[in-house]
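The exercises below are meant to be worked through with the structure open. Each begins with a task and is followed by a solution in steps.

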Amino acid sequence: VLPGRSICSTRASHNEEAAAKAAAAVADTGAPTIFDKIIAKEIPSDIVYEDENVLAFRDINPQAPVHVLVIPKLRDGLTTLGKAEPRHVEVLGQLLHASKIVAEKEGILDGFRVVINNGAEACQSVYHLHLHVLGGRQLKWPPG
Ligand code: TR5
């Protein structure tokens, strides 16, 4: 870890206290998230794909030339993938299929990655299940 840089951010943090506060603020409390406002269109987003169950919009802090988030419109307890129950199987399939549609629309079907960060140790920062669709450059493996 570089000094003054959070492991979960590409931006340098101003100080350790601010970084600790930010980390503590992000927890799986089940509280509404910023994504509710994006779904309700109270906050503008750059929508790439939308249907009855799924919304896909560009990440505000892109990590690749194509970086789209695919989310269920109804969270239904899916703050994380780790909360998935049998009743979620249909929407989980819809999210994966929507990721493929996004990749197709963005012209990256030949090479793209779908990522789900689950929990603090995986740097999840928004507790509304979301799939990152990344591509448009040579992606490295293993991921960090
Ligand atoms: O870290 P995880 O896996 O939880 O991913 C959350 C993602 O949400 C990050 O890649 C953020 O850059 C992204 N994010 C956060 C906000 C936001 C967003 N993408 C689009 N629009 C956003 N708005 C308006 N506000 C955010 N706080």
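**Exercise 1.** Which residues does Val133 touch, not counting residues up to four places away in sequence?

*Solution.* The model is a predicted one, and the contacts are read from it as follows. Leaving out residues up to four places away in sequence, Val133 touches Val66, Val68 and Val70, then Ser99, Val102 and Ala103, and finally Phe112 and Val114. As a next step, consider the largest nonpolar core, which has 23 residues, and in which Val133 is among those that touch the most other members, together with Ala56, Val68, Val70 and Val102. The elements giving two or more residues to this core are α2 (34–39), β2, β3, α3 and β5, and the greatest contribution, 5 residues, comes from β3.

**Exercise 2.** Determine the strand order of the open sheet, and then place helix α3 against the sheet.

*Solution.* The sheet is open, has 5 strands with antiparallel pairing, and runs in the order β1-β2-β3-β5-β4. Its edge strands, each pairing on one side only, are β1 (47–50) and β4 (112–115). On average, and with direction ignored, neighbouring strands of the sheet are turned by 20° against each other. Helix α3 (residues 89–106) packs on this sheet, where it touches β1, β2, β3, β4 and β5 (131–135), and its direction makes about 155° with that of β3. For the detail of one pairing, take β2 (residues 54–58) and β3 (residues 66–72), which are joined in the antiparallel sense over 5 bridges; Val54 has Pro72 in β3 as its bridge partner.

**Exercise 3.** List the residues around the ligand, and sort them by class.

*Solution.* The residues around the ligand are Ile34, Ile43, Ser45, Asp59, Ile60, Asn61, Leu69, Asn117, Cys123, Gln124, Ser125 and Val126. Sorted by class, this shell comprises 6 nonpolar, 5 polar and 1 charged residues.

**Exercise 4.** Examine the backbone at Cys123, Asp76 and Pro142, and decide how exposed Cys123 and Asp76 are.

*Solution.* Cys123, in the loop between β4 and β5, has a positive phi of about 70° although it is not a glycine. Because 14 other C-beta atoms lie within 10 Å, Cys123 is partly exposed. Asp76, in the loop between β3 and α3, likewise is not a glycine and has a positive phi, of about 45°. Asp76 counts as partly exposed because it has 13 C-beta neighbours inside 10 Å. Finally, Pro142 is found in the segment after β5, and the peptide bond leading to it from Trp141 is cis, with omega near 0°.

Methods: Residues numbered from 1 in each chain as written. Predicted model: local features only at pLDDT ≥ 70, side-chain atom pairs only at ≥ 80, totals over all residues. Near = placed C-beta within 6 Å. Nonpolar A, V, L, I, M, F, W, Y, C, P; charged D, E, K, R; others polar. Pairing = 2+ DSSP bridges. Helix = DSSP H or I, 4+ residues; strand = E, 2+ residues; numbered from the N terminus. Axes fitted to C-alpha atoms, helices over the stretch in contact; angles between N-to-C directions. Contact = placed C-beta atoms within 7 Å. Core = buried A, V, L, I, M, F, W, Y, C linked by C-beta atoms within 7 Å. Buried ≥ 20, exposed ≤ 12 C-beta atoms within 10 Å, placed from the backbone.
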